[in-house]
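Biologist: Could you walk me through the helix geometry and the charged pairs here, with the cut-offs behind each term?

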Amino acid sequence: MTGNEELLELAVAIATDAGRLAAARREVGVEVAASKSSLEDVVTFADRETEALIRSRLADARPDDGFLGEESGTGSGRSGLTWVVDPIDGTVNYLYGIPHYAVSIAVVEGEPDPATWTALAGVVFNPASGELFTATRGGGAHLAGRRLTVAPPVDLSQALVGTGFGYQAAKRERQAAVVQRLIGRIRDIRRFGTASLDLCSVASGRLNAYYESGLAPWDHAAGGLVAAEAGALVTGGDGRPASSDLIISAHPEVAKTLESVLREVTN
């Protein structure tokens with residue numbers, strides 16, 4: 001077993017336990033703990049409890065590694081590796097009982113910055129469906145033991161494209177305006193509300209492409225690796241890494257066309 005495979009094995013074990021905890025809390029009812037960037041941007045007590053479980057388990061197993069989590073922030077390490085965690089991606093879906101949310105755990109080498117890090121292993125687990133997406137750098141992406149391959153290239157007019165919207169109303173209005181200009185040039189839009197699973201949908205061929213602005217590092221660390229290892233180009237546009245400004249994920253031919261069109265309809 002390689003080092004990356006060992007890291008993945010640990011991530012899978014912790015993600016499945018964390019997912020079971022989140023699902024159990026969902027069964028008994030979810031309570032909002034606080035709002036963040038806006039009243040719509042909520043965090044539940046289950047988010048905090050799930051991240052605490054993940055952080056504790058990682059600290060026990062890998063005490064020299066760093067940590068970057070959505071709810072509890074950054075903890076520096078000495079190993080050069082950092083675990084990037086979203087305990088419940090798709091919190092609003094989770095809050096409403098929509099069975100489309102995920103535990104997302106990635107381990108990266110270098111500073112915990114998508115512009116410079118190298119993702120080594122990642123897991124995205126949907127407790128509601130039981131689907132477990134995994135990837136290691138150079139080792140491919142898998143779902144339930146099946147190797148994933150991005151959908152073959154299609155003309156953009158035949159591409160099913162996923163996206164997402166921010167929490168603040170003014171930002172959603174700007175993003176909706178982009179969709180309005182884009183939607184006549186593609187097959188259709190899907191908006192599921194969980195970035196990590198959207199990226200895995202590109203990896204599994206359920207979506208031809210995905211784009212979004214405003215994502216945090218934990219939103220795409222694991223899902224981005226899954227998509228890339230399935231053969232997708234994961235980019236921030238103009239040759240840059242994915243960032244909060246933009247992430248595009250698709251077959252490289254489709255990604256290139258989508259990037260050009262997005263540039264046109266955004267300006």
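Modeller: R20 is exposed, at a relative accessible area of 53%, where exposed means over 50%, buried under 20% and partly exposed in between, using a 1.4 Å probe and protein chains only. This is a predicted model, in which local features need pLDDT of at least 70 and side-chain atom pairs count only at pLDDT 80 or more, while totals for chains, interfaces and linings use all residues. Residues are numbered from 1 along each chain as its sequence is written, and side-chain values use heavy atoms, with hydrogens and water left out.

Biologist: Which residue forms a salt bridge with R20?

Modeller: A salt bridge is a side-chain nitrogen of Lys or Arg within 4 Å of a carboxyl oxygen of Asp or Glu. The partner counts as partly exposed, at 28% relative accessibility, and lies three residues from R20 in helix α1 (residues 3-28), so that about one helical turn separates the two. An α-helix has 3.6 residues a turn, so residues three or four places apart point the same way. With the closest N and O atoms 2.8 Å apart, the partner of R20 is D17.

Biologist: How many residues apart are E131 and R206, whose pair links distant parts of the chain?

Modeller: The side chains of E131 and R206 meet in a salt bridge at 2.6 Å, N to O. E131 counts as partly exposed at 24% relative accessibility, and R206 likewise counts as partly exposed, at 42%. E131 sits in strand β8 (residues 131-136) and R206 in the loop between α5 (195-204) and β13 (209-212), helices (H or I, at least four residues) and strands (E, at least two) being DSSP runs numbered from the N terminus. Along the chain the pair is 75 residues apart.

Biologist: Which residues are linked with D238 in a network of salt bridges?

Modeller: A search of the whole structure finds eleven salt bridges. The network that includes D238 also contains R240, E259 and R263.

Biologist: At which residue does α6 bend?

Modeller: Helix α6 (residues 217-229) has 13 residues and reaches 18 Å from its first C-alpha to its last, close to the 18 Å expected, a span defined as 1.5 Å times one less than the number of residues. Eleven of its 13 residues are buried, among them W218, H220 and G223. The bend, taken as the angle between axes fitted to the seven residues ending at a position and the seven starting there, is about 30° in α6, at G223.
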